[in-house]
Amino acid sequence: MQYNWDWGILFRDPYIWWLVDGLQWTLTIAICAWVIAFCLGSILGIMRTSINPYLRFIGTAYVELFRNVPLLVQLFLWYFVFPELLPEEAGRWVKREMPMPGFTTTVLALGLYTASRLCEQVRSGIEAVGIGQRNAGRAIGLSETKVYIHILLPNAYRIIIAPLTSEFLTIFKNSSLALTIGVIELTGMTRQIEEYTFQGFEAFTAATVIYSLVTFTVMGFMLHLEKRLYVPGMIAAEK
Amino acid sequence: MGDFDFAIIYNNLPFLLEGMKTTLLLTVAAIFGGIVIGTVLAMIRLANIPVLSWVAAAYVNFFRSLPLILVIFWLYFLVPLILGRPVGAFASVLVAFVLFEAAYYSEIIRAGISSIRSGQAAAARAIGMTYSQTMRFIVLPQAFKAMIPVLLTQAIILFQDTSLVYVVGLKDFLVSAELIANRDQKLIEMFVFVAVVYFTICFAGSMIASRIQRKLPV
């Protein structure tokens, strides 16, 4: 194996700044998409456990639609096809004037896609709380909405902390797809360093270490949180 | 939407089919390789061998913390370097998928093995079977049967993930469609067609998975 090692490259101007910049993009995309996914996923999860059959159907249809098309294809649909389907004025705005088109599209696509996965987690959390608590809430005179706000959701979120963590880490990793529509985030930056310097080994190692560090930090923090917030008597908390 | 050009899809079907063949070949090969290595990793982890079990666990957690695109880039760069000669994109991408998927399959298989009641393994050991015989004849056949729905779901995810070979330009289904889309300026037609095909296959697959799930004894 013929290779010229040069680990110093990673700490030299401008490459170190490329890495910092890339990590910033990765984290920004992940957090923005997470906000969309968490809010929409919760609403969909509530819909799927609702007593209203129409709401249940909409929730199910959304999940099936979004999880059966590859994320990359969804990203291309939002980026290339969606603006063409809009009315002329709006389409032109999206294509020409929308600030940071690649970033905005990625956040939107990633958020909507992950919402379908979060919906399933929220649903399983609500189901784990159980029909008994739901009926008990109704019996003491709470409305359906109040049962969700005061009983089902607070317990459900505490039960699904571990799956929520892995969903966040999935968003964090999936943000690398942004590079396909020109947002040079962490993976894209290291690829760029490789192309400029031919030091692929060092560049990819840097990305690998950064991704692992962030993952293990988030996991450690959430494990701590999970222990503090566990619902007594729930299997998920006994691990 | 009135001017949706179906002819562009129809005229290019043979080319698209070639791409789909690459996608399917990659999926099947990666499933096979992933399950083989994944099973080995799961068994090592469960056997509690001092250093080896730790290495297997580290492997799994390490790969699960990385984006697939990064792993594809890594192997696209590494495989030719290690072999000392250029190889096609397909070979290096296949290695990337097998190594990456093995980590995920290992977790599925480990859960499957753990779900088999420990009395089964104890009984097998009691009648004099070795560890590998217990695994081969008693535990793994039952575990794999229970795992079929999850393995199928993972296969669907893997099938979708193969679209990421886009980043190294391997001509799979998506890249073939994209080539036509850009050549003939038919982005809407091609990307909608790609989405419909992926959806149909994956939706059918997930229906089958949940049907099997319902039929399995709990």
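A helix here is a DSSP run of H or I with at least four residues, numbered from the N terminus. I begin with that wording because my opening entry depends on it, and I note that the model I am reading is predicted.

**Entry: R191(A)**

I looked up where R191(A) sits and found it in helix α9 of chain A, which covers residues 186-197. Is R191(A) buried or exposed? Its relative accessibility is 18%, and since buried means under 20%, I wrote R191(A) down as buried. I then listed what R191(A) touches, leaving out residues up to four places away in sequence, and the list holds F204(A) from its own chain together with F73(B), Y76(B) and V167(B) from chain B.

**Entry: the interface of chain B and chain A**

Those contacts led me to the interface, where I found 35 residues of chain B in contact with 36 residues of chain A. The two chains bury about 3,200 Å² between them, and 79% of that area lies on carbon and sulfur atoms. On the side of chain B, the residues that lose the most area to chain A are F73(B), W74(B) and F77(B), which together make up 18% of what that side buries. I had already met F73(B) among the residues that R191(A) touches.

How many salt bridges does the rule find across this interface? It finds 0, while the count of residue pairs in polar contact, with both residues at pLDDT 80 or more, is 5. I also noted which elements give two or more residues to the side of chain B that touches chain A, and these are α3 (50-64), α4 (68-83) and α9 (187-215) of chain B. The largest share, 12 residues, comes from α9(B). Sorted by class, this side of chain B has 29 nonpolar, 5 polar and 1 charged residues.

**Entry: helix α8 of chain B**

I turned next to α8(B), residues 173-184, which has 12 residues and reaches 17 Å from its first C-alpha to its last, close to the 16 Å expected at 1.5 Å a residue. Its buried residues include F173(B), L174(B), V175(B) and I180(B), and E178(B) is also one of them. What covers the buried residues of α8(B) includes α3 (71-85) of chain A, along with α1 (6-11), α2 (13-47) and α9 of chain B.

Finally I checked both ends of this helix. D172(B) caps the N-terminal end, with a side-chain oxygen 3.4 Å from the backbone nitrogen of L174(B), and just after α8(B) I found Q185(B) with a positive phi of about 55°.

Technical notes
Residues are numbered from 1 along each chain as its sequence is written. Chains are lettered from A and ligands numbered from 1 in the order in which they are written. This is a predicted model: local features need pLDDT of at least 70, side-chain atom pairs count only at pLDDT 80 or more; totals for chains, interfaces and linings use all residues. Side-chain values use heavy atoms; hydrogens and water are left out. Contact means heavy atoms within 4.5 Å. Buried area is the accessible area (1.4 Å probe) that two parts lose on being put together, summed over both. A salt bridge is a side-chain nitrogen of Lys or Arg within 4 Å of a carboxyl oxygen of Asp or Glu. A polar contact is a pair of N or O atoms within 3.5 Å; within protein, one must be able to donate a hydrogen and the other to accept it, and residues adjacent in sequence count only if both atoms are side-chain atoms. Ala, Val, Leu, Ile, Met, Phe, Trp, Tyr, Cys and Pro count as nonpolar, Asp, Glu, Lys and Arg as charged, and the others, Gly among them, as polar. The expected span of a helix is 1.5 Å times one less than its number of residues. Buried means under 20% relative accessible area, exposed over 50%, partly exposed in between (1.4 Å probe, protein chains only).
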